[in-house]
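Got your viewer open? Follow along, selecting each stop as we reach it.

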Amino acid sequence: MPLKSLTINGFKSFADKTKIDFTSGITGIVGPNGSGKSNITEAIRWVMGEQSAKSLRGDKMADIIFAGSDTRSQMNHAEVVLEFDNSKKELKTDQENISIKRKLYRNGDTEFSINNKECRLKDITELFMDSGMGKQSFSIISQGRVEEIFNSKPIQRRSIIEESAGIALFKQKKIQAENK
Ligand code: ATP
Ligand code: MG
(Lines give C-alpha, C1' and ligand atoms only; values in the text may rest on other atoms or scores of the structure.)
(Ligands and ions follow the chains in the order given, each with its own letter.)
Protein backbone atom coordinates (compact mmCIF):
# COMPACT_ATOMS: atom_id res chain seq x y z
CA MET A 1 0.00 0.00 0.00
CA PRO A 2 1.58 3.28 -1.04
CA LEU A 3 2.60 5.84 1.51
CA LYS A 4 1.83 9.33 0.26
CA SER A 5 3.55 11.55 2.74
CA LEU A 6 4.98 11.90 6.20
CA THR A 7 4.81 15.19 8.10
CA ILE A 8 6.96 15.55 11.19
CA ASN A 9 6.76 18.45 13.61
CA GLY A 10 8.64 18.52 16.90
CA PHE A 11 9.53 14.83 16.76
CA LYS A 12 13.15 14.24 17.91
CA SER A 13 15.55 16.31 15.77
CA PHE A 14 12.73 17.71 13.56
CA ALA A 15 12.08 21.07 15.19
CA ASP A 16 10.86 22.52 11.90
CA LYS A 17 7.74 21.09 10.32
CA THR A 18 9.08 18.74 7.66
CA LYS A 19 7.04 17.01 4.95
CA ILE A 20 8.39 14.09 2.97
CA ASP A 21 6.40 13.22 -0.17
CA PHE A 22 6.71 9.62 -1.28
CA THR A 23 6.29 9.60 -5.02
CA SER A 24 5.98 6.35 -6.96
CA GLY A 25 8.96 4.01 -6.88
CA ILE A 26 11.58 3.90 -4.21
CA THR A 27 12.37 6.78 -1.87
CA GLY A 28 15.88 6.89 -0.51
CA ILE A 29 16.87 9.01 2.46
CA VAL A 30 20.53 9.83 2.72
CA GLY A 31 22.47 12.00 5.14
CA PRO A 32 25.46 12.06 7.45
CA ASN A 33 25.54 10.23 10.77
CA GLY A 34 23.20 11.81 13.26
CA SER A 35 21.23 13.76 10.65
CA GLY A 36 17.92 12.10 11.50
CA LYS A 37 17.45 9.16 9.10
CA SER A 38 16.55 6.71 11.85
CA ASN A 39 14.36 9.38 13.46
CA ILE A 40 12.25 9.32 10.28
CA THR A 41 11.60 5.58 10.49
CA GLU A 42 10.89 5.99 14.20
CA ALA A 43 8.35 8.72 13.43
CA ILE A 44 6.56 6.26 11.12
CA ARG A 45 6.53 3.54 13.79
CA TRP A 46 5.41 6.06 16.41
CA VAL A 47 2.43 7.38 14.46
CA MET A 48 1.42 3.77 13.77
CA GLY A 49 1.21 3.14 17.48
CA GLU A 50 4.61 2.29 18.92
CA GLN A 51 4.21 2.33 22.72
CA SER A 52 7.72 1.39 23.78
CA ALA A 53 9.91 4.42 24.53
CA LYS A 54 12.90 2.10 24.70
CA SER A 55 12.42 0.88 21.16
CA LEU A 56 12.43 4.55 20.13
CA ARG A 57 15.78 4.89 21.90
CA GLY A 58 14.37 6.88 24.85
CA ASP A 59 13.69 6.36 28.54
CA LYS A 60 10.21 7.84 28.54
CA MET A 61 7.83 8.74 25.75
CA ALA A 62 8.36 12.51 26.17
CA ASP A 63 11.95 11.95 25.00
CA ILE A 64 10.62 11.91 21.44
CA ILE A 65 9.69 15.62 21.73
CA PHE A 66 12.31 18.04 20.35
CA ALA A 67 14.54 18.69 23.34
CA GLY A 68 16.08 21.98 22.19
CA SER A 69 19.47 22.87 20.78
CA ASP A 70 22.04 25.65 21.21
CA THR A 71 19.89 27.96 19.14
CA ARG A 72 16.35 26.75 19.78
CA SER A 73 14.35 26.08 22.87
CA GLN A 74 12.64 22.78 23.45
CA MET A 75 9.18 22.19 22.05
CA ASN A 76 6.03 21.49 23.99
CA HIS A 77 4.64 18.82 21.70
CA ALA A 78 5.44 16.46 18.86
CA GLU A 79 3.11 15.70 15.99
CA VAL A 80 3.44 13.17 13.18
CA VAL A 81 1.00 12.68 10.28
CA LEU A 82 1.22 9.78 7.85
CA GLU A 83 -0.87 9.71 4.66
CA PHE A 84 -1.70 6.56 2.71
CA ASP A 85 -3.25 5.89 -0.65
CA ASN A 86 -5.98 3.35 0.07
CA SER A 87 -7.46 3.29 -3.44
CA LYS A 88 -6.84 -0.46 -3.62
CA LYS A 89 -8.75 -0.86 -0.34
CA GLU A 90 -5.96 -2.65 1.44
CA LEU A 91 -7.12 -1.15 4.72
CA LYS A 92 -10.42 -2.10 6.25
CA THR A 93 -12.18 1.12 5.33
CA ASP A 94 -13.88 2.53 2.24
CA GLN A 95 -11.96 5.78 2.35
CA GLU A 96 -9.49 6.28 -0.50
CA ASN A 97 -7.13 8.50 1.42
CA ILE A 98 -6.16 7.77 4.96
CA SER A 99 -4.30 10.17 7.18
CA ILE A 100 -3.33 9.14 10.67
CA LYS A 101 -2.06 11.56 13.26
CA ARG A 102 -0.47 11.23 16.68
CA LYS A 103 0.35 14.11 18.98
CA LEU A 104 2.05 14.08 22.37
CA TYR A 105 2.44 16.96 24.83
CA ARG A 106 5.10 17.17 27.52
CA ASN A 107 2.44 16.85 30.22
CA GLY A 108 1.58 13.43 28.80
CA ASP A 109 -1.62 14.44 26.98
CA THR A 110 -1.93 12.50 23.79
CA GLU A 111 -4.15 12.57 20.71
CA PHE A 112 -4.74 10.15 17.88
CA SER A 113 -6.83 10.73 14.80
CA ILE A 114 -7.83 9.08 11.55
CA ASN A 115 -8.77 11.54 8.78
CA ASN A 116 -8.88 14.34 11.36
CA LYS A 117 -11.41 12.51 13.47
CA GLU A 118 -10.16 11.88 16.98
CA CYS A 119 -9.86 8.21 17.78
CA ARG A 120 -8.21 5.73 20.13
CA LEU A 121 -4.85 4.10 19.59
CA LYS A 122 -6.79 0.84 19.28
CA ASP A 123 -8.59 2.15 16.19
CA ILE A 124 -5.28 2.84 14.47
CA THR A 125 -3.84 -0.54 15.46
CA GLU A 126 -6.93 -2.33 14.17
CA LEU A 127 -6.93 -0.39 10.91
CA PHE A 128 -3.47 -1.66 10.07
CA MET A 129 -3.64 -5.09 11.60
CA ASP A 130 -3.26 -7.84 9.01
CA SER A 131 -2.63 -5.29 6.26
CA GLY A 132 1.06 -6.14 6.38
CA MET A 133 1.68 -2.66 7.81
CA GLY A 134 2.09 -1.93 11.46
CA LYS A 135 4.65 -0.83 13.98
CA GLN A 136 6.05 -4.36 14.20
CA SER A 137 5.57 -5.44 10.64
CA PHE A 138 8.07 -6.23 7.96
CA SER A 139 7.22 -2.95 6.27
CA ILE A 140 9.78 -1.20 8.43
CA ILE A 141 12.99 -3.10 8.90
CA SER A 142 15.37 -1.27 11.18
CA GLN A 143 19.01 -1.93 11.78
CA GLY A 144 19.36 -5.28 13.55
CA ARG A 145 15.77 -6.37 12.91
CA VAL A 146 16.63 -8.95 10.24
CA GLU A 147 19.03 -10.65 12.62
CA GLU A 148 16.46 -10.42 15.39
CA ILE A 149 13.87 -12.19 13.25
CA PHE A 150 16.24 -14.97 12.28
CA ASN A 151 17.44 -15.41 15.84
CA SER A 152 13.97 -15.27 17.37
CA LYS A 153 12.42 -18.19 19.21
CA PRO A 154 9.87 -20.29 17.29
CA ILE A 155 6.96 -18.77 19.23
CA GLN A 156 7.96 -15.21 18.29
CA ARG A 157 8.56 -16.23 14.72
CA ARG A 158 5.13 -17.82 14.67
CA SER A 159 3.52 -14.49 15.64
CA ILE A 160 5.33 -12.79 12.75
CA ILE A 161 3.98 -15.43 10.35
CA GLU A 162 0.51 -15.09 11.86
CA GLU A 163 0.54 -11.36 11.28
CA SER A 164 1.61 -11.83 7.65
CA ALA A 165 -1.04 -14.50 7.17
CA GLY A 166 -3.74 -12.13 8.38
CA ILE A 167 -4.95 -13.94 11.48
CA ALA A 168 -3.50 -11.68 14.17
CA LEU A 169 -6.60 -9.47 14.20
CA PHE A 170 -8.90 -12.43 14.90
CA LYS A 171 -6.62 -13.68 17.66
CA GLN A 172 -6.72 -10.28 19.35
CA LYS A 173 -10.51 -10.04 19.01
CA LYS A 174 -10.84 -13.51 20.55
CA ILE A 175 -8.72 -12.48 23.54
CA GLN A 176 -10.78 -9.29 23.95
CA ALA A 177 -14.04 -11.23 23.78
CA GLU A 178 -12.85 -13.75 26.35
CA ASN A 179 -11.86 -10.97 28.75
CA LYS A 180 -15.27 -9.28 28.58
P1 ATP B 1 23.27 7.20 11.60
O2 ATP B 1 23.72 7.37 10.19
O3 ATP B 1 24.40 7.29 12.56
O4 ATP B 1 22.41 6.00 11.82
P5 ATP B 1 20.90 8.87 11.62
O6 ATP B 1 20.82 9.75 10.42
O7 ATP B 1 20.06 7.65 11.64
O8 ATP B 1 22.42 8.53 11.94
P9 ATP B 1 19.41 9.62 13.93
O10 ATP B 1 19.78 8.54 14.88
O11 ATP B 1 18.09 9.55 13.26
O12 ATP B 1 20.55 9.80 12.87
O13 ATP B 1 19.46 11.04 14.66
C14 ATP B 1 20.14 11.22 15.85
C15 ATP B 1 20.08 12.69 16.21
O16 ATP B 1 18.78 12.99 16.68
C17 ATP B 1 21.05 12.99 17.31
O18 ATP B 1 21.78 14.14 16.94
C19 ATP B 1 20.17 13.29 18.50
O20 ATP B 1 20.69 14.29 19.32
C21 ATP B 1 18.93 13.81 17.82
N22 ATP B 1 17.76 13.66 18.71
C23 ATP B 1 17.22 12.52 19.21
N24 ATP B 1 16.19 12.79 20.03
C25 ATP B 1 16.08 14.15 20.05
C26 ATP B 1 15.22 15.07 20.73
N27 ATP B 1 14.22 14.65 21.53
N28 ATP B 1 15.41 16.39 20.52
C29 ATP B 1 16.38 16.83 19.70
N30 ATP B 1 17.23 16.03 19.03
C31 ATP B 1 17.09 14.70 19.21
MG1 MG C 1 20.50 5.59 11.90
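Start by selecting K89, which you'll find in the loop between β3 and β4. This is a predicted model, so treat everything on the tour as a prediction. Check the backbone here: K89 isn't a glycine, yet its phi is positive, about 55°. Most residues other than glycine have a negative phi. Is K89 buried or exposed? K89 counts as exposed, because it has 11 C-beta neighbours inside 10 Å, and the cut-off for exposed is 12 or fewer.

Now jump to K12, in the loop between β1 and β2 (18-21). Here is another residue other than glycine with a positive phi, this one near 50°. Its surroundings are another matter: K12 has 22 other C-beta atoms within 10 Å, so it is buried.

Next, colour β3, residues 77-85. This strand is mostly covered, with 7 of its 9 residues buried. Which strands pair with it? Add β1, residues 3-9, and you'll see it running antiparallel to β3, joined by 6 bridges. To find one of the pairings, select T7 and look across to V81 in β3. Then show β4, residues 97-105: β4 is also antiparallel to β3, and 9 bridges join the two. Click H77 and you'll find Y105 of β4 standing opposite. Further along, L82 has I100 in β4 as its bridge partner.

Stay on I100, since it leads to the next strand: in β5, its bridge partner is I114. β5 covers residues 110-114, and it pairs with β4 in the antiparallel sense over 5 bridges. How many residues lie between β4 and β5 in their hairpin? There are 4, and G108 in the turn has a positive phi of about 100°.

While you're here, pick F112, which sits in β5. F112 is buried, because 20 other C-beta atoms lie within 10 Å, and 20 is enough to meet the cut-off. Draw a distance from F112 to K101: they are 11 residues apart in sequence, but their C-alpha atoms are 5.5 Å apart in space.

Time to look inside. Select F11, A43, V47, A78, V80 and L82: these have the most contacts inside the largest nonpolar core, which has 26 residues. Several elements feed into this core, with β1, α1 (37-47), β3, β4 and α2 (121-128) each supplying at least two residues. The largest share, 5 residues, comes from β3. In soluble globular proteins, nonpolar side chains tend to be buried together.

Now bring up ligand 1. What surrounds it? There are 15 residues around ligand 1, and the closest are N33, K37, S38, N39 and A67. Colour the shell by class and you'll get 8 polar, 4 nonpolar and 3 charged residues.

Zoom out for the last part. The protein is divided into domain 1 (3-131) and domain 2 (144-180), and their C-alpha centres lie 23 Å apart. Finish on helix α5, residues 168-179. How many of its 12 residues are buried? The count is 0, so to speak a bare helix: α5 is hardly covered. Try a distance between its end C-alpha atoms, too. At 1.5 Å a residue, the 12 residues should span 16 Å, and the ends are 17 Å apart, which agrees.

Technical notes
Residues numbered from 1 in each chain as written. Chains lettered and ligands numbered in written order. Predicted model: local features only at pLDDT ≥ 70, side-chain atom pairs only at ≥ 80, totals over all residues. Pairing = 2+ DSSP bridges. Expected span 1.5 Å × (residues − 1). Near = placed C-beta within 6 Å. Nonpolar A, V, L, I, M, F, W, Y, C, P; charged D, E, K, R; others polar. Domains from an automatic or database assignment. Core = buried A, V, L, I, M, F, W, Y, C linked by C-beta atoms within 7 Å.
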